[in-house]
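Student: I should be grateful for a close look at a single part of this structure, namely one sheet together with its surroundings. Please set out how the part is built and what lies against it.

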Amino acid sequence: MKKFDYYQPETLRDAFALMEKFNGRARYVAGGTDLIVRIKKKDVQPDALISLRNIEELKGIRHTRGGVSLGSMTRIRDMERDTTIARDYPALKQAAAVLANPQIRNVATVGGNFCNAAPCADCAPPLLIMETTLALEGPGGKRDIPAEEFFKGPGETCLQPFEILKAINVPNPKSKTPNPKSITMTFLKTGRVAQDLAIASAAALVVTEGKICRKCRLAAGSVAPVPMRLKRAEKLVEGQEITPELLEHVAKAVEDEISPITDIRSTEAYRRIVTGVMIRRAIEA
Amino acid sequence: MKEIIHFTLNGQQVSAEIESHKMLIQMLRDIFQLTGTKYGCGMGECGACTVLIDGLSVNSCMYPAFEVRGKSVTTIEGLLGEGNQFHPIQESFVRHGGVQCGFCTPGMIMSAKAMLDENPSPTDAEIRRGISGNLCRCTGYVQIIDSIRESVADYKDRV
């Protein structure tokens, strides 16, 4: 493994200054559970790591009446244990609870899971169904973007050089719904054994009024170059009564909308079928 | 880049000079000679290197040594009581055949401790989930789960 320097700035300004000093030869590191493996495998060989662990403003889960703000350095474990997340954002809790294994969840962060931009990022599908926005900050200033616009390809994000993901802001889906019982949110994941990366994952948010679905948000992971919303399938569900026939139709539509590949974890054909099935089950849940 | 790191190791204040690219496991094994913590895959898959940092289980093979500054680290050696007496989980592993080749054992026991500290009465499903980050290459999982389950009664008495 190549040697690297290790810096632990306490402010964003110091982090930007360090990054500028190394001019592209340094990497920000959050929990490091992915980046350090990639350094060991020599996939990346930075001269320095700039740890974000000591920057206070990136930490913490803040609940407000309208939603929740997750500091990017919030550990997966903290989301898994947060009782308000379990109550109001159940799909996010479900995803946090099955991400890798306890040792990884104790270290890995939600911001790292996003910035890694793996197609299989477990935190992505639940956040994509909830109109999440991301707060970014760089030496040049701040900006907010919808979560959907963040991912550009496997391992690629819209982050500018030096820019940092500060917080993940999620409006509470229940606060906008007159009857909180009419809303369901579910995350499902298929893997070979407990700690594996997802073969495929799926998340659904469904708001019903009587028998009719008023709002449907669907997302899937490990089935395209980026975690994706399934907008065509959503349109099939909205305004309709959710029947077994409709769900069969939706599952088929999902198979067509995604673009999975065959790799060491699974095949393209299986991923298409299992994602359709998981979306159907997530809507039914 | 080298710095002196101060932290708590198995209840004692310690310090060590270490290079910035070294991981916690290298500091534990090479500087403090605490070789109970094993180096397995080096990638966070096998859990042989599991230690506790501020009470939480962590893979020490991927945890930069610099990050333990000011924190409290517990290794398998830190579980021994007065007069080198075994911790109840260790005792239970001995009694119920939880040790085959022994390579995964320190990591298994540290994961079990982290889980039991949080949830002193786990179901079998919770035990399995608690050690889902630890692999046993002898595949002796049944005895390992027995050992953890059987340690629960003793554990509650002691804690």
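Tutor: The account below takes the open sheet of chain B, then the helices on it, and then the contact with chain A. This is a predicted model, in which local features need pLDDT of at least 70 and side-chain atom pairs count only at pLDDT 80 or more, while totals for chains, interfaces and linings use all residues. Residues are numbered from 1 along each chain as its sequence is written, chains are lettered from A and ligands numbered from 1 in the order in which they are written, and side-chain values use heavy atoms, with hydrogens and water left out.

The sheet of chain B is open and has 5 strands in the order 2-1-5-3-4, with mixed pairing. Strands (E, at least two residues) and helices (H or I, at least four) are DSSP runs numbered from the N terminus, and two strands pair if DSSP finds at least two bridges between them. Strand 2 (12–19) and strand 4 (56–59) of chain B are the edge strands; each has a single partner strand, so one side of each lacks a neighbour in the sheet. On average, neighbouring strands are turned by 45° against each other, direction ignored; the axes used for angles are lines fitted to C-alpha atoms, for helices over the stretch in contact, and angles run from 0 to 180 degrees between N-to-C directions.

At the strand 4 edge, strand 3 (residues 50–53) of chain B runs antiparallel to strand 4 of chain B and is joined to it by 4 bridges. Within this pair, B:T50 stands opposite B:N59. Helix 1 (residues 24–31) of chain B packs on the sheet and touches strand 1 (2–9), strand 2, strand 3 and strand 5 (72–74) of chain B, contact meaning heavy atoms within 4.5 Å. The direction of helix 1 makes about 105° with that of strand 2 of chain B. Helix 3 (residues 105–118) of chain B lies across strand 3, strand 4 and strand 5 of chain B, at about 35° to strand 3.

One loop of this region deserves mention. B:N10, in the loop between strand 1 and strand 2 of chain B, has a phi near 50°, a positive value in a residue other than glycine. Most residues other than glycine have a negative phi.

Strand 4 of chain B also leads to the partner chain: it gives 4 residues, the largest share, to the side of chain B that touches chain A. Helix 3 and helix 4 (124–130) of chain B are also among the elements giving two or more residues to that side. In total, 31 residues of chain B are in contact with 29 residues of chain A. The residues on the side of chain B divide into 12 nonpolar, 13 polar and 6 charged; Ala, Val, Leu, Ile, Met, Phe, Trp, Tyr, Cys and Pro count as nonpolar, Asp, Glu, Lys and Arg as charged, and the others, Gly among them, as polar.

The two chains bury about 2,500 Å² between them, 51% of it on carbon and sulfur atoms; this is the accessible area (1.4 Å probe) lost on being put together, summed over both. In chain B, B:H21, B:M62 and B:E67 lose the most area to chain A, together 22% of what that side buries. B:E67 also meets A:R53 in a side-chain salt bridge (3.3 Å, N to O), and the count between the chains is 5 salt bridges, each a side-chain nitrogen of Lys or Arg within 4 Å of a carboxyl oxygen of Asp or Glu.
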